[in-house]
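Me: I have a new structure open and would like to learn how to read it. Could you walk me through some of its features?

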Amino acid sequence: MKQSKDVIYKRRDAIFLDLLKHRDLSVTHLSSTYDVSELTIRRDFMYFEKKGLIERYYGGARLLDYKNTSIPEKNLSMLKNSIAKAAADLIDSGDIVFVNTSSTAILILKYLGDKEVTIITNNGQASLIPYKNRSNVILTGGELTPPKDSMTGDFALQMISQIRATKAILGCSGFSIEQGMTTSVRREVAINQMMISNCRGRRILVVDHGKIGQEANYKTGSVHEFDYLITDPFANDEVVQEIDEQTGIKVIKADLISY
């Protein structure tokens, strides 16, 4: 019996999530798990192979390093949500939290649960993220800049200057031991720096593996200004260990979640 496209897409999404978690899987295992023929799994593998996501071998397939592939938007979102959930786990009820324009950082709103938290952000996308009513989201205002809907300028700076946060969740364009946190948007530098300086508690960077070791045009903060760096499971182990040993930043590799 011919399967519908929806059934095929759902199975392939589930298989790819398994590959993200385990990196290497056999045809036999997946055939048993999803109750389909081994020929069907091989066809699924051929689909992923054509997209440059896996390498097939006799009897199975392994996930390729994401640095050498173009990450599908759906799976990039999975990594971002996983990182955001791990960051949200570090937030406590009563916290006042700075969140910058990072598309990863703002996702913490989805994972705060029933915590009573005040979020101060210059990220206009905050209005599009569903969250529990016990959280209080305050937009800084300022000059709105597409496509990120970031709020910058004197108005936003004045707002942030009057607040002392207990935590800061910040994303960036690149992070390296030499340059620390960097961004590609000049207007956001002053905002990010004030969030760092006005945070009296943990300063947390949320960075997917592709940005680690990269440097953007504008330096925002040195490595010594951050307590945690949260990334995804595909961050290079040697680089992670080097960051931990040379900077004192605690690196957390987030567990992958479906969402």
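**Reading the charges and the core**

Reply: Gladly! Let us start with salt bridges: by the rule used here, the count comes to 13. Keep in mind that this is a predicted model.

Me: What is the general idea behind such a pair?

Reply: Side chains of opposite charge can pair when their charged atoms come close. Here the cut-off is a Lys or Arg side-chain nitrogen within 4 Å of a carboxyl oxygen of Asp or Glu.

Me: Which residue forms a salt bridge with D24, and how far apart are the closest N and O atoms?

Reply: The partner of D24 is R62, and their closest N and O atoms are 3.6 Å apart. D24 lies in strand 1 (residues 24-26) and R62 in strand 3 (residues 60-63), so this pair ties together parts that are 38 residues apart in sequence.

Me: Are D24 and R62 buried or exposed?

Reply: The answer lies in between. Buried means under 20% relative accessible area and exposed means over 50%. D24 has 35%, so it is partly exposed; R62, at 33%, counts as partly exposed too.

Me: Which side chain meets E55 in a salt bridge?

Reply: That is R62, with an N to O distance of 3.0 Å. E55 is partly exposed, at 37% relative accessibility.

Me: Where do R134 and E116 lie, and what is the N to O distance in their salt bridge?

Reply: The side chains of R134 and E116 meet at 2.3 Å, N to O. R134 sits in the loop between strand 5 (118-121) and strand 6 (136-139), while E116 sits in the loop between strand 4 (96-99) and strand 5, so the pair ties together parts that are 18 residues apart in sequence. R134 is partly exposed with a relative accessible area of 45%, and E116 is partly exposed at 43%.

Me: Which residues are linked in a network of salt bridges?

Reply: One such network links R11, R12 and D44.

Me: What about charges outside salt bridges? Which residues form a negative surface patch?

Reply: A patch gathers like charges, and residues in a salt bridge are left out of it. In this model, E178, E215, E238, E242, D244 and E245 form a negative surface patch. Take E242 as an example: this residue is found in helix 7 (residues 237-247), and its relative accessibility of 35% makes it partly exposed.

Me: Now for the inside. How many residues are in the largest nonpolar core, and which touch the most other members?

Reply: A nonpolar core is built from buried residues joined through their side chains. The largest one here has 27 residues, of which V99, I108, I119, I169 and I230 touch the most other members. Helix 4 (73-88), strand 4, strand 12 (199-206) and strand 14 (228-231) each supply at least two residues of this core. The largest share, 5 residues, comes from helix 4.

Me: One last feature, the backbone. What is phi of R23 near, and of D149?

Reply: For a phi value, look at its sign and at the residue type. Phi of R23 is near 70°, a positive value in a residue other than glycine. R23 lies in the loop between helix 1 (5-22) and strand 1, and is partly exposed at 32% relative accessibility. Phi of D149 is near 55°, again positive in a residue other than glycine. D149 lies in the loop between strand 7 (143-145) and strand 8 (150-152), and its relative accessible area of 25% makes it partly exposed.

How values were computed. Residues are numbered from 1 along each chain as its sequence is written. This is a predicted model: local features need pLDDT of at least 70, side-chain atom pairs count only at pLDDT 80 or more; totals for chains, interfaces and linings use all residues. Side-chain values use heavy atoms; hydrogens and water are left out. Patches are made of residues with over 30% relative accessible area and no salt bridge: like charges are joined within 9 Å, nonpolar side chains (Val, Leu, Ile, Met, Phe, Trp, Tyr) within 5 Å. Accessible areas come from the Shrake-Rupley method with a 1.4 Å probe; for residues, only the protein chains shown count as cover. Lys and Arg count as positive and Asp and Glu as negative; His and the chain ends are not counted. The place of a charge is taken as NZ of Lys, CZ of Arg, CG of Asp or CD of Glu. Helices (H or I, at least four residues) and strands (E, at least two) are DSSP runs, numbered from the N terminus. Buried means under 20% relative accessible area, exposed over 50%, partly exposed in between (1.4 Å probe, protein chains only). A nonpolar core is a set of buried Ala, Val, Leu, Ile, Met, Phe, Trp, Tyr and Cys residues joined through side-chain atoms within 4.5 Å.
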